[in-house]
Amino acid sequence: MFKKKYFTLIALLLVAAMALAGCGGGGAEKKEAAKDSASDVIKIGVFEPLTGTNAAGGEMTVEGIKLANQLFPEVNGKKVELVIVDNKSEKQEAANAVERLVSKDKVNVIIGSYGSSLSMAGGPIAKEAGIPVIGCSPTNPAVTLGNDYYFRVCFIDPFQGTVMANYAVEKLGAKTAAIIQDVQQDYSVGLSNYFEKAFKKLTNNENAIVAKVNYNTGDKDFSSQLTTVKAKNPDVIFAPGNFLECGILVEKARELGITVPILGGDTWEAEEFLSRVKNTKDIYFSTHFDADHPVTEMSTKFMEEYKKAYPGKQVNAFGALGFDAYILALDAIKRAGSADPQAIRDALAATKDFQGATGIITLDANGDATKTAIIKKVVDGKFAYEGKVEPK
Amino acid sequence: MTGEIFLQNLANGISLGSLYALIAIGYTMVYGILRLINFAHADLLMVAAYVAFYGILVFTLPWWLSFLIAIVVTAILGVSIEKVAYRPLRDAPRISVLISAIGVSFLLENLGIVAIGARPKSFPRPEDIVWNINIGDISFLSLTIIIPLITVILLVAVTYMVNKTKIGTAMRAVSRDFETASLMAVDVNKVVSATFVVGSSLAAVGGIMWSLQYPQIDPLMGVFPGLKCFIAAVMGGIGSIPGAMLGGFILGMGEVFLVAFMPELSGYRDAFAFVILIFILLFKPTGILGENVVEKV
């Protein structure tokens with residue numbers, strides 16, 4: 001008797017949970033369907049990782065996009081609707097998300113995604129459908145290469161890798177380096193290669209990279225990789241990758257008694273990373289934006305509004321890039337004078353001297369922005385401004 | 001490779017291997033008695049980690065009390081899962097129970113995502129039990145010593161329980177034949193529940209130790225150790241408790257030394273685990289210490 005009652009109770013609970021989940025999804029879809037019929041609305045699709053390993057990066061970006069949407073809710077007299085889809089930090093899901101945005105939601109332009117691999121998974125689908133995409137922070141060159149519909153508001157990895165190699169050689173006096181890369185992330189592998197090339201050239205030494213070891217996304221044990229690196233005794237370690245894995249990696253490196261500077265890329269600017277490494281020093285990385293060094297009027301405006309909208313949160317590069325992607329989209333729609341995706345694409349391709357929160361954006365033939373890189377380091381448990389590097 | 005680097009790798013290998021062994025013991029024990037691969041085992045590990053996490057950070061309990069509560073909660077959850085998801089299927093084909101176990105695993109993971117959120121949380125490391133040890137150039141966490149100790153103690157305790165105590169005898173009887181055992185006045189339901197209490201507690205200890213060693217917890221954290229420890233258990237001979245320990249150590253050591261000797265292959269660590277599994281099963285289909293069970297007709 002007891003058994004039966006118990007079973008029924010659990011079954012009921014499950015049914016209730018499913019019904020709730022079902023309602024949530026169903027409701028949202030109905031609302032979107034209603035929007036479809038109204039032609040006085042411009043839809044901007046957003047695909048970002050809101051769950052999974054890159055969740056924090058996607059969340060920061062979406063905060064920036066939503067803020068921009070609140071400030072600038074209209075363009076050409078039409079209301080702008082955001083359609084936000086979670087790509088779950090997975091390549092397959094990223095492709096599905098873009099597919100959904102172009103075929104079901106019929107958006108005019110797409111923004112996304114945090115993570116080069118995710119952007120590269122979605123890119124071809126948007127290209128096929130003829131919908132332009134503005135990347136916020138994917139830095140791998142292959143994202144826009146050969147895709148006339150993909151643009152981005154950030155710098156790219158050949159530049160970022162060179163900046164960090166320069167910093168290691170000139171400021172830190174490094175003669176040898178070790179690389180620890182995530183072989184599943186195009187971002188990590190690409191950035192490592194550009195760093196390696198620049199580092200070898202700067203040190204004039206073909207053997208300047210004393211060790212190159214790999215790991216996989218989601219790994220938690222880095223002890224053997226780090227022991228290998230420690231045995232080679234490099235002057236610096238370059239370890240670009242997701243903030244979650246790298247947080248554990250850097251913490252473990254210090255536990256193993258590795259005291260040399262550890263360098264990374266723009267993905268490290270996340271609370272999750274900071275919370276792991278705040279008791280250590282000599283952690284450096286490149287990023288897109290610094291709150292204490294506004295570059296344009298838009299930077300100041302962005303920061304004021306951000307602090308108002310998200311009190312208690314750190315102003316960050318990803319929020320700023322999300323913000324820029326949105327206002328650039330609006331600017332392109334204004335210049336195109338229509339919401340036709342093809343016209344928006346052509347306007348985007350012609351972007352010149354656009355005042356963004358992260359700097360002045362001019363898009364080149366590939367659709368990439370050429371911008372200043374900021375170098376930050378971890379000091380007293382905080383990210384601190386270390387210097388900036390202008391593009392050549 | 002110098003001596004020091006070798007010793008450092010050895011310390012890394014022991015620390016990873018003993019964690020694998022600890023979790024694999026739980027898998028193998030439940031299998032040994034019920035012939036059921038409890039896929040939810042890996043997710044019980046996650047539940048334990050979260051209970052301990054909230055105990056320490058939200059309710060500010062002392063770490064040992066939080067760990068104790070985590071073990072009790074996980075044991076209760078394990079027994080309830082058996083009652084709800086496995087017991088009604090006891091007379092069904094074995095594959096149905098297996099599918100039910102996979103279902104429970106997905107349910108726990110996704111409930112975790114909905115209830116807690118997918119963003120990882122930082123697991124606190126109590127200073128009383130986690131500190132850094134430096135011997136010359138070799139440095140490791142105190143956990144590298146604590147975890148193998150706990151693993152060995154639990155191994156001896158579980159082996160003693162199964163072989164020497166009354167409930168252990170009943171477990172072995174049940175593992176041979178449910179019906180005959182119940183005809184011999186063994187309360188099968190009670191014995192199965194006891195098995196799950198022990199198995200889930202082992203999962204809880206494993207989960208807490210895993211979170212101390214890799215202090216980042218998320219609702220899907222059990223998937224990776226679950227898979228690896230399942231491999232370890234199969235490698236050692238599923239159903240054999242010392243086998244699970246052996247399998248765990250072989251896997252942990254193997255992974256660490258693969259990277260140590262061949263750094264360029266370090267991206268293939270997981271592939272390596274499966275390759276050794278395939279080789280061992282090719283030559284010894286029941287695993288290293290597995291017995292050949294002759295099915296009665």
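How much area do chain A and chain B bury between them? In this predicted model, where local features need pLDDT of at least 70 and side-chain atom pairs count only at pLDDT 80 or more, totals for chains, interfaces and linings use all residues. Residues are numbered from 1 along each chain as its sequence is written, chains are lettered from A in the order in which they are written, and side-chain values use heavy atoms, with hydrogens and water left out.

**View 1. The contact of chain A and chain B.** The two chains bury about 3100 Å² between them, 52% of it on carbon and sulfur atoms (buried area is the accessible area, with a 1.4 Å probe, lost on being put together, summed over both parts). A:Lys220, A:Asp221 and A:Glu255 supply 20% of the area that chain A buries against chain B, more than any other three residues. Chain A brings 33 residues to the contact and chain B brings 36 (heavy atoms within 4.5 Å).

**View 2. A salt bridge across the interface.** The side chains of A:Lys220 and B:Asp218 form a salt bridge at 3.9 Å, N to O, and the interface holds three salt bridges by the rule (a Lys or Arg side-chain nitrogen within 4 Å of an Asp or Glu carboxyl oxygen).

**View 3. The open sheet of chain A.** Seven strands (DSSP E runs of at least two residues, numbered from the N terminus) follow the order β8-β7-β9-β10-β11-β14-β15 with mixed pairing, where pairing requires at least two DSSP bridges. The edge strands, β8 (209-215) and β15 (382-389) of chain A, each pair on one side only.

Methods. Helices (H or I, at least four residues) and strands (E, at least two) are DSSP runs, numbered from the N terminus.
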